[in-house]
Amino acid sequence: MSLKQFSIKFLVFIILLFMADQFAGVLFRKLESKAGDKYARENYIRYIMNEDIIIMGSSKATYHYVPNILSKELKMSVYNCGQKGNGIIYEYGRLETIYKRYHPKIIIMDVIKGYDLEKNDNSRYLDFLKIDYGTNKSIDSLFYAVDKYSKYKMLLNCYRYNSTLCDLLINYFYRSRNRFSDDGYSALHGSKIKTSVSQKTEKNDMNDVKMEIDPIKIKYLKKIVLDKPKESFMIFVLSPSMYEKSVDYNCIKQICKQNNILFLDYSNDNRFVGKEYLFYDYVHLNEFGAKNFSKILASDIKEFLTNNHINITN
Amino acid sequence: MLFNTLAFLLFFPLVCIVYYLINNNNLRTWFLLIASFWFYSNLSPYYTLILLGSIIVTYFSGILIDTSNSERKKKLFVFLAIIINVCILLYFKYTNFLVSILNDIVCAFGWGGTKEQFNIILPIGISFYIFKTISYISDVYKGKIVAEKDFHLLSLYISFFPQLLAGPIERAGNMLTQFNEKVKFDGYNITSGLKMMLWGYFLKLVFADRAIIYVDAIYSNLDNHNGTSILLASVLYSFQIYCDFAGYSLLSIGVAKSMGYNVMNNFNRPYLAVSVTDFWHRWHISLSTWLKDYVYIPLGGSRCSKIRNYWNIFITFLVSGIWHGANWTYIVWGCLHGILQIIEKAMGQQKCKYGWFGKSVKIAVTFCLINLAWMFFRLPSVNDTMYAIKKIFTSYGMPFVGRDATPALEYCALGLLFLIIKDVLDEFFPNRFHFFDNDSIIVRYASYIFICLLILAAGVFDNSQFIYMQF
């Protein structure tokens, strides 16, 4: 085969591959728009959600904040946007898409060291934002900050949906499988603290104070605070854990202080620490613990708003 | 630079284009040599010096062996060259292991001892290029090849970048002949090279790098997992190591093929072997033929008494185990393979004389035995392996699923489906079903595009190392 023949064939192949990738992109988008569970929830957050109060964070947010309790206490609608295994990088991108549609009245940010401070592979937090790439400049810049090659990688639709194929298919064909209630909350029932051996390591990790702070996460933490709409009230919350922790959250506290953001710390709260019946595991509250925590949080927010004469409801 | 990095995807086409643009063969091979050293120095410039040292020793010893008149002198040069190269390997790979053995002996006699280890970093690919140098010296001594007078060609043979990090351990006779001839541009070479690379990337990115997530989760925490999970992890590891190494080999052979060089095949559907002996005719073929030519046959091979023949098999696989790594687990793994082959030979079970049912049973039994041996290979100690095996037979339950484990299992199932279909069709219907080599251009292109899209959608792009690079 001559060079000319080879070049033509190779070019044809590249064009066909690009076309097939575009077609696969259409299929993936179709699947994603129809799939249930976390995809349906993510689509709701992205395109429909208009609740007054939104909760952002990782799995701790998903399991710890009961929207109907917060809603009753604060007399506002609430949606829980917590996303398992995600942190500040995802939250920045998601908030930017939400701000394009509307400005929530209260934004509760649940923080956790592993996802919001510690240096680790940030590209894993971009998975849910890949669909939004190219639609929002702030999200695009987030991709470039995390991975300098993303400009080229994101040209391919199949790469955008990398590692979602099986999950999308399962959630498409079993749309009834939904672990979330209509307000985004997911409850953990009972407690497995005494039964699970593997949790021992989790317990030990809790007090691991050695941590390298990630400048990218800090940069986007600051951006979240600075990009906050003027009319929105933002609160950073450290939700309860089974054991006392000595993690240094000073940099978050400082950012909050500099920008007049309320910071509430329940991480070493005696009402929760050591009370196994409130926890599902060493990190997450069970349904009973979450209800207790939501009541306390709602009352503290209400008290703060009243004491400081802040009127958000209107 | 690893084959599964973006840097390599830029490096390879660039090298290929410049290579074909150069008309003069001498300049081409010089260019390939520079590219190979640049490829290797990307890992560490320090490693490159060790490689260069080994090349210099091999080059001069080859010339001295070839030009010496007396047999005694030839033997002396062979001995010195092999000893120097083996010592380089011993120092980097086995110092700490030997020190720990000595330490255990000293402790056993109550003479004290220390747990301190030397901080020695193993240069990537050292086991592979040292074996190449040994085979070259041996072949020159036996008169199979003439010593290469051109330093840069011998250097290229030892450091040729597609084979440098993890083989295949190609013989000098085959490669030097090809380096001496000018390769004309042929689109078919590039196409068939790219096809091999495509399947290699599929094996590595879609299966091997996905399976590692589940295998590591189980094997790094044996206490907390039941026997069912351990069994599942062991099966996944068998396929992980196959996909990882066969994937690497296909990439290596494909890259060389794209530049017009034919490199020996390294894998031939090993898990469809009907015996452990058959397995070694299909697995890491370049190493098993190397061991046959430079260990088994010099020991006497099969042209001796039965007992001596069994001993030769055992020693050959003991060497194979030691070559793989400085740990008792590799030695046990090698011995196990040796013993199993001796048993097969004694029972006349090396080949399959039965019908399809008997063959299926033999394939299944062989896979179970190989799978068991891989557990020794993968787990950190013999005690851990025994503990894991015991758990498989005593602790039952549902396999472990979790945040990362569930998707890992889903994608492994998907990858395994395609792998099994391809291997079974290639093995049992070799002339009936072809996808990449189908006569219809539509089927061919559809297969390429489908696998490309599958890699993009289901591959793991974390630039993880290939397993065999650690050897």
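Visitor: How many of the nine residues of α6(B) are buried?
Guide: This is a predicted model, so keep that in mind as we go. Helix α6(B) is mostly covered. The buried set runs through His152(B), Leu153(B), Leu154(B), Ser155(B), Leu156(B), Tyr157(B), Ile158(B) and Ser159(B). Out of nine residues, that makes eight.

Visitor: Which elements are among those that cover the buried residues of α6(B)?
Guide: The cover comes from chain B and includes several helices. Among them are α2 (25–41), α3 (45–67) and α5 (126–142). The list also includes α7 (161–164) and α8 (172–180).

Visitor: Is Ser159(B) buried or exposed?
Guide: Ser159(B) sits in helix α6, residues 151–159 of chain B. Setting aside neighbours within four places in sequence, Ser159(B) touches Leu33(B), Ser36(B), Phe37(B), Leu51(B), Ile55(B) and Leu164(B). The cut-off for buried is under 20% relative accessible area. Because its relative accessibility is 0%, Ser159(B) counts as buried.

Visitor: Which backbone oxygen does the side chain of Ser159(B) reach?
Guide: Look within chain B for this one. The side chain of Ser159(B) gets to a backbone oxygen at 2.6 Å. That oxygen belongs to Ser155(B).

Visitor: His284(B) has a positive phi; is that residue buried or exposed?
Guide: Most residues other than glycine have a negative phi. His284(B) is not a glycine, yet its phi is about 40 degrees. It lies in the loop between α11 (276–282) and α12 (285–299) of chain B. With 0% relative accessibility, His284(B) counts as buried.

Visitor: And what is the relative accessibility of Ser163(A)?
Guide: Ser163(A) is another non-glycine residue with a positive phi, near 65 degrees. You'll find Ser163(A) in the loop between α9 (157–160) and α10 (165–173) of chain A. Ser163(A) counts as partly exposed because its relative accessibility is 27%.

Visitor: How many residues does the largest nonpolar core have?
Guide: Phe236(A), Phe8(B), Trp283(B), Trp374(B) and Tyr468(B) have the most contacts inside this core. Leaving out neighbours within four places in sequence, Phe8(B) touches Met1(B), Leu2(B), Phe3(B), Pro13(B), Phe39(B), Phe161(B), Met197(B), Tyr201(B) and Val255(B). Apart from the largest core lies another of 34 residues, including Leu70(A), Ile106(A), Val237(A) and Ile296(A). As for the largest core, the count is 210 residues.

Visitor: Let's turn to the chains together. How much area do chain B and chain A bury between them?
Guide: The contact draws 25 residues from chain B and 31 residues from chain A. On the chain B side, Arg403(B), Tyr445(B) and Leu456(B) lose the most area, together 23% of what that side buries. Of the total, 71% is on carbon and sulfur atoms. That total is about 2,300 Å².

Visitor: How many residue pairs are in polar contact between chain B and chain A?
Guide: Salt bridges don't figure here: the rule finds zero across this interface. For polar contacts, both residues of a pair must be at pLDDT 80 or more. Counted that way, there are eight residue pairs.

Visitor: Which element gives the most to the side of chain B that touches chain A?
Guide: The elements of chain B giving two or more residues to that side are α9 (187–219), α17 (405–428) and α18 (441–458). By type, the residues of that side divide into 17 nonpolar, four polar and four charged. With nine residues, the element that gives the most is α18(B).

Notes
Residues are numbered from 1 along each chain as its sequence is written. Chains are lettered from A and ligands numbered from 1 in the order in which they are written. This is a predicted model: local features need pLDDT of at least 70, side-chain atom pairs count only at pLDDT 80 or more; totals for chains, interfaces and linings use all residues. Side-chain values use heavy atoms; hydrogens and water are left out. Contact means heavy atoms within 4.5 Å. Buried area is the accessible area (1.4 Å probe) that two parts lose on being put together, summed over both. A salt bridge is a side-chain nitrogen of Lys or Arg within 4 Å of a carboxyl oxygen of Asp or Glu. A polar contact is a pair of N or O atoms within 3.5 Å; within protein, one must be able to donate a hydrogen and the other to accept it, and residues adjacent in sequence count only if both atoms are side-chain atoms. Helices (H or I, at least four residues) and strands (E, at least two) are DSSP runs, numbered from the N terminus. Ala, Val, Leu, Ile, Met, Phe, Trp, Tyr, Cys and Pro count as nonpolar, Asp, Glu, Lys and Arg as charged, and the others, Gly among them, as polar. A nonpolar core is a set of buried Ala, Val, Leu, Ile, Met, Phe, Trp, Tyr and Cys residues joined through side-chain atoms within 4.5 Å. Buried means under 20% relative accessible area, exposed over 50%, partly exposed in between (1.4 Å probe, protein chains only).
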